[in-house]
Amino acid sequence: MRLVIVTGMSGAGKSSGMRILEDAGYFCVDNLPVSLLPTFMDLIQESDEMEKVAVGLDIRVGKKGIKEAASILKNLKGEGMSLEILYFEAKTKVLVKRYKETRRVHPLSKESRVDIGIEAERELLKNLKKNSDYIIDTSGLLIRDLKQEMEKIFVNNEEYLNFFLNFVSFGFKYGIPGDADLVFDVRFLPNPFYIDELKPLTGNDKEVYTYVMENDAAKQFLKKLKDMLDFLIPQYIVEGKNQLVVAIGCTGGKHRSVSITNGIYDRFKDSPYGCKKDHKDIAKGNTH
């Protein structure tokens, strides 16, 4: 039997995660009273019918309940019970934006600002997060991205290292992405914009991608970028970072940056890390 505890920050995607697990054949129970956790787990372990079970747990059980749950789960793991904890995380500014868009009230901010409630919740959940087996940061994920990552872990049983790479191409003409952790400028590469037959195309087209990648500087840059990320990612993981946004820019965000972003994504897409790519400005104007 596979038992998954689904928890994390309010607004970070727990409900979506539970629906994804349910669609994958998990028997899902949400917001079970903490006092019933040990009894429930004993019962499902004795059952021959439940092979995959997911239990949702969040701040709705109360401050005391969260502390009690963290202690219970830690003890059960220590006693050898086979259970996995999936923790959903997101940046505070992203959570604030989600609450504003949905006009929902954060459970801990009924009489104060949303960001204050979020930080209070983050503090309460720190022990649960510390003992989690999987941490998924949904700050930059769409539902389809989340589904893909969860299926890697809970359907395909692939290795997952609690780290998500988001490669973003952009045009400097339109500004650097606000959530970028690392920014690289590839305007040193030959520009397909000045080739008549390539100008209307993008880095998603084979002709442009080949033109950019045939350049020795592009090949060297990709190799050095891959080497640097291979070095940096384990350091970030040690420091507790769960997500890295790598922004790659050219002038208009259509040719060189898209090609290089596709190239570095291809080098990481089969790694144990979560991975996605996004071409932020590819549909904007035909600028060089």
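Of the 288 residues of the chain, 49% count as buried, where buried means under 20% relative accessible area, exposed over 50% and partly exposed in between (1.4 Å probe, protein chains only). This is a predicted model, in which local features need pLDDT of at least 70, side-chain atom pairs count only at pLDDT 80 or more, and totals for chains, interfaces and linings use all residues. Residues are numbered from 1 along each chain as its sequence is written, and side-chain values use heavy atoms, with hydrogens and water left out.

**Exercise 1. Describe the chain as a whole.**

Step 1. The chain has ten helices and nine strands; these are DSSP runs (helices H or I, at least four residues; strands E, at least two), numbered from the N terminus.

Step 2. The C-alpha trace spans about 70 × 45 × 30 Å along its principal axes.

Step 3. The chain exposes about 14400 Å², of which carbon and sulfur atoms supply 49%. Accessible areas come from the Shrake-Rupley method with a 1.4 Å probe, and for residues only the protein chains shown count as cover.

Step 4. Among contacts with a separation of 6 or more, 79% are due to residues 24 or more positions apart; contact means heavy atoms within 4.5 Å.

**Exercise 2. Determine the strand order of the five-stranded sheet and identify its edges.**

Step 1. The open sheet has the order β2-β3-β1-β4-β5, and its pairing is parallel. Two strands pair if DSSP finds at least two bridges between them.

Step 2. β2 (27-30) and β5 (134-137) each have a single partner strand, so one side of each is left without a neighbour in the sheet.

Step 3. From one strand to the next, the twist averages 20 degrees. Axes are lines fitted to C-alpha atoms, for helices over the stretch in contact, and angles run from 0 to 180 degrees between N-to-C directions.

Step 4. Four bridges pair β2 with strand β3 (residues 52-56) in the parallel sense, and C28 stands opposite A54 in β3.

Step 5. Helix α2 (residues 37-46) packs on this sheet, touching β1 (2-8), β2 and β3, and its direction makes about 170 degrees with that of β3.

**Exercise 3. Establish how β1 is covered and paired.**

Step 1. Seven of the seven residues of β1 are buried, so β1 is largely enclosed by the rest of the structure.

Step 2. In a regular strand the side chains alternate between the two faces of the sheet. The two faces of β1 can therefore be listed separately: R2, V4, V6 and G8 lie on one side, L3, I5 and T7 on the other, and all are buried.

Step 3. β1 runs parallel to β3, joined by five bridges, with R2 opposite K52 in β3.

Step 4. β1 also pairs in the parallel sense with strand β4 (residues 84-89) over five bridges, and V4 stands opposite E84 in β4.

**Exercise 4. Analyse the four-stranded sheet and the strand β6.**

Step 1. This open sheet has the order β7-β8-β6-β9, with parallel pairing. Its edge strands, β7 (182-185) and β9 (274-279), pair on one side only.

Step 2. Direction ignored, neighbouring strands are turned by 15 degrees against each other on average.

Step 3. Helix α7 (residues 143-154) packs on the sheet, where it touches β6 (164-171) and β9; its direction makes about 160 degrees with that of β9. Helix α9 (residues 216-238) lies across β6, β7 and β8 and runs at about 170 degrees to β7.

Step 4. Eight of the eight residues of β6 are buried. One face holds F164, N166, V168 and F170, and the other holds L165, F167, S169 and G171.

Step 5. β6 and β8 pair over eight bridges in the parallel sense, and I248 in β8 is the bridge partner of S169. Six bridges join β6 to β9, with N166 opposite K276 in β9.

**Exercise 5. Classify the packing of α8 against α10.**

Step 1. Helix α8 (residues 206-213) and helix α10 (residues 256-268) pack at an angle of about 80 degrees, and their axes are 9 Å apart.

Step 2. Angles under 35 degrees count as roughly parallel, over 145 as roughly antiparallel, 65 to 115 as roughly perpendicular and the rest as oblique. α8 and α10 are therefore roughly perpendicular to each other.

Step 3. V208, Y209, V212 and M213 of α8 meet R256, S259, I260, N262, G263 and D266 of α10 in this contact.
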